[in-house]
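Thanks for coming. I will talk through one structure, and I will keep to a few parts of it.

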Amino acid sequence: MAIPARPAALPGPSPEGRPVPELDPAAVGRWQAGGGELVDLLAQARERLGGVAAFRLGTRPTVLVTAPEAVQHVLALHPDRYVKRSHRARLLIGDGVLAATGDAWQRQRRLLQSQFTGRGMRRYEQRIAEAAGTAAARWAAYARTGQVLDIGEEMRRFALDTIWRSLTGHPLDAGTERELAAVPAVVAALPGLPADGVTAQGVVAAELARIDAVATRAIAAARDGEAGPHGPGLLHVLIGAAGTRPEYTDRLIRDELVTLLVAGHETTATTLTWLHLLLDRNPDAREEALSAGAEGSPRRRQAVQALVHETLRFYPSAWILPRSAAQDDVLAGYAVEAGTDVLVCPYLTHRDAALWGDPGRFDPRRFTTPGRRPTHPGSYLPFGIGPRACLGLQFALRESTVLLEHLLPVHTPRFLAVPEKAAFGITVRPDGPVPAVLEPRC
């Protein structure tokens, strides 16, 4: 799709607020008749109307937010005015922290937050390193034999192994890996499921049953005190919480486990897949990162992490963040009525030419060179911002960087086919397989 080039034009503040500029209903009708992706309609609204734009889907008023100041207003400054109504993946993750609201969400987030910052993250360093080492050994075998691999499946396999080790303390075994293939199957199916919850659940009942069976076994093993070679994992923290917090029933523990599985591997796997595709088109970026410093040096690590950040600019983990206006508000000078659907779209913010010079160019130096990227906190938000920003940001960056430090110096994938477009669902992912063979880095 075309990258919108029109800069965000926000008026000055107004006590009452003026009407949000609205996309011509005929344009909405043409989009609906054409069966396009939602992102196409959002891009039209952004390009024609700017960083705060309105349209109607049926009778529901909807406001698109892409301008950084407005993004910060909605997500960071006034999360009490713009709330989550229901998570699209609730069918899968139940009442896990991503879907929870109110006091329940605050309690669940407090428990998990300590696990993903500072000392909590150090607990998972060795597990991440071992998962990356396992993936690197697998790639070395593929390279020796010339075996065709699917880059997307390989990245998913690594990310799933990493989060499983972090949850249970054990490496991912083959049987569990086969059963957990149901997770991406449900995630991919979610956007097309019927609106009726009972009917939707029936469509993916078999996959949900497989996921529940894996969760039940893992919870039972952890409750029996079965810790892995590097000690207990996140699942043991959840079970320990049940001793003092009665809300942590087996069902909520299951929901948190599945939430962490979904959030902890789907987004990372997708980001790493996009990164390999982008490096295939921009091989100089790979060489520049590897020449930034010696193996294991801070400079090389920073350069490799910049590859991840620039990939996340193109394809943010959370490409769209739906909210509902809980009360009347004035947003960037515009009046927003209570009950309005509000869509924050990092995908379009990250492609705004007024914020990011030459946004269609893959340029990791935006994240290593001072002054090369916008400084407003609402300009770059691949994991969201504010109190509901993703807990796993540092975890995802760490595991991605460690894996790339293992793979990039050794292997260059030669793609046998490349998906022609992106699929916009819960995540934004390549729309199709990505088969490749591995060649030695020249």
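I will take two helices, then two pockets, then two single residues. Please keep in mind that this is a predicted model.

Start with helix α12, which covers residues 205-223. How far apart should the ends of its 19 residues be, at 1.5 Å a residue? The expected span is 27 Å, and the end C-alpha atoms of α12 are 27 Å apart, so the two agree.

Now look at which side chains of α12 are covered. Leu208, Ile211, Val214, Ala215, Ala218, Ile219 and Ala222 are buried. If you look down the axis of α12, these buried residues fall within an arc of 130°, so they line one face of the helix. On the other side of α12, you will find Ala206 and Thr216, which are exposed. After α12 comes Gly225, and its phi is positive, near 90°.

The other helix is α7, residues 125-145. It has 21 residues, and from first C-alpha to last it reaches 31 Å, close to the expected 30 Å. The buried residues of α7 include alanines, namely Ala131, Ala132, Ala135 and Ala136. Arg127, Ile128, Arg138, Trp139 and Tyr142 are buried in α7 too. What covers them? Among the elements over the buried residues of α7 are the helices α8, α14 and α18, and the strands β5, β10 and β13. Just after α7, Gly146 has a positive phi of about 75°.

Next, the pockets. The largest pocket holds about 1,500 Å³ of space. Its lining is made by 49 residues, and nearest its centre lie His87, Arg88, Ala89, Pro322 and Ile426. Elements that give two or more residues to this lining include the helices α2, α4, α11 and α14, together with the strands β3, β6 and β9. What classes of residue make up the lining of the largest pocket? There are 29 nonpolar residues, ten polar and ten charged.

The second largest pocket has a volume of about 590 Å³. It is lined by 33 residues, and the closest to its centre are Gly152, Glu153, Arg156, Pro184 and Glu266. Two or more lining residues come from each of β5, α8, α10, α14, β11 and β12. Which of these gives the largest share of the lining? That is α8, with six residues. By class, the lining of the second largest pocket has 17 nonpolar, seven polar and nine charged residues.

You may have noticed α14 in both pocket lists, as it gives residues to the lining of the largest pocket and to that of the second largest pocket. Thr270 is in helix α14. Is Thr270 buried or exposed? Its relative accessible area is 8%, and buried means under 20%, so Thr270 is buried. Beyond its neighbours within four places in sequence, Thr270 is in contact with Thr427, Val428, Arg429 and Pro430.

The last residue is Phe314, in helix α16, which covers residues 298-314. Phe314 has a relative accessible area of 8% as well, so by the cut-off of 20% Phe314 is buried. Leaving out residues up to four places away in sequence, Phe314 touches Tyr347, Arg351, Pro359, Gly360, Arg361 and Phe362. For a sense of scale, Phe314 and Trp164 are 150 residues apart along the chain, and their C-alpha atoms are separated by 28 Å.

That is the end of my part.

Technical notes:
Residues numbered from 1 in each chain as written. Predicted model: local features only at pLDDT ≥ 70, side-chain atom pairs only at ≥ 80, totals over all residues. Heavy atoms only, no water. Helix = DSSP H or I, 4+ residues; strand = E, 2+ residues; numbered from the N terminus. Buried < 20%, exposed > 50% of the residue type's maximum accessible area, 1.4 Å probe, protein only. Contact = heavy atoms within 4.5 Å. Expected span 1.5 Å × (residues − 1). Arc of directions from axis to C-beta. 1 Å grid on protein atoms, 1.4 Å probe; cavity = no way out; pocket = protein on both sides within 12 Å on 5 of 7 lines; lining within 4 Å. Points joined across faces, edges and corners; volume = space filled by probe spheres on them. Nonpolar A, V, L, I, M, F, W, Y, C, P; charged D, E, K, R; others polar.
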